[in-house]
Amino acid sequence: MATFSLRVTFLLVTLFFLPLTAQSAGCDCSEDDSSRNKTEARKLHIIAIVTILSASAVGCAIPALGRWFPAITPEKDYFFLIKAFAAGVILATGFIHILPDAFDKLTSPCLPESPWKDFPFAGFGAMVAALGTLMIDTVATGYFSRRHFKKAAAAVTDVDVEASVEAEREHADHVHMHTHASHGHAHGASMLLNAASTSQLIRNRVISEVLELGIIVHSVIIGMSLGASESPSTIRPLVVALTFHQFFEGLGLGSCIAQAKFRLKSVVTMSIFFSLTTPAGIAIGIGIASSYNENGQTALIVEGLLNSASAGILVYMSLVDLLAEDFMNPRVQNNGKLQLLINIFLLLGAGLMSMLAKWA
């Protein structure tokens, strides 16, 4: 419940700041009106909302199908390949799509020389966001893990005490006593293993929550930029590119959600939440299109800083929480064929998403 509230709060804060980009600071860098066609643009906006919403939902839903198709469950080797592909997509999104755009926004000639040209704010924002993600990741995982381990340790102690009392009562039958004692210790060891498994599950859930927060920032921004545009020649390639873009990002997020083993209700909620972010951004863009100037100082600063933060989060999550953990997994290290395939799928995901940068 707390994590859901965190997502809602984060999105509300994002949506609060994004309309500020509609304010123009009077910069001479104005938009070109020659290619505008409001009627045609609105038709393309509707198509964009439908296609991007569908692609996002399908991409996020595919890994969740492991509930009904055992071949793609997190326990299977195939899942490592899906997750490697998705991690490559997320990594390329951060490095190729978001971070360069943040640098472009924050070094625009429409911004004053000081302080925006005197310091690399885009790189600094990405670094701060990555460090902040590390802190949130470790603190949240440590807190919930310690709490579960304490509960498990207390339960194990209770089991051992009960076994000892039962053994003393039945001391006349040595074999019977030994059986109960062994049963108590075995049960205690089993509970410790379950606690460790629960700790890993908690970490997977923290990863999926933090990753979703990083993705939705960028999703809202790109949706708003598309919705604010009234040039059909600009919108058409963006619709195609962003449809694939959101499908791949949904695949990455869906893989993390599936590995976290949320309840079906939570899976559906998170998937819907992700799927609606870009269409929501398009709706915001349409609403502010009349006053929006993408070259206005406020627009450049807000979008640039949010993009840099989003890039830092996604780069950290893909390298640390997705790739490093899976590539060092004993199941991958002890299987040469799987190790080769997981590298190929990583490069494939990163390569395909990098190619989309030509259009979006």
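**Exercise 1.** Classify L323 as buried or exposed, and place it in the fold.

*Solution.* L323 has a relative accessible area of 8%, so it is buried (under 20%; exposed is over 50%, partly exposed in between, with a 1.4 Å probe and protein chains only). The residue lies in helix α8, residues 297–327. The C-alpha atom of L323 is 9.7 Å from that of F80, although 243 residues separate the two along the chain. Across the protein, 45% of the 360 residues are buried.

The model is predicted: local features need pLDDT of at least 70, side-chain atom pairs count only at pLDDT 80 or more, and totals for chains, interfaces and linings use all residues. Residues are numbered from 1 along each chain as its sequence is written, and side-chain values use heavy atoms, with hydrogens and water left out.

**Exercise 2.** State how many helices and strands the protein has.

*Solution.* There are ten helices and zero strands (DSSP runs numbered from the N terminus: H or I of at least four residues for helices, E of at least two for strands).

**Exercise 3.** Determine how α2 and α7 are oriented to each other.

*Solution.* Take α2 (38–61) and α7 (residues 264–288). Their axes come within 8 Å and cross at roughly 165 degrees. The two helices are therefore roughly antiparallel (over 145 degrees; under 35 is roughly parallel, 65 to 115 roughly perpendicular, the rest oblique).

**Exercise 4.** Locate L65 and give its exposure class.

*Solution.* L65 sits in the loop between α2 and α3 (77–106). Its relative accessibility is 34%, so L65 is partly exposed.

Key:
Axes fitted to C-alpha atoms, helices over the stretch in contact; angles between N-to-C directions.
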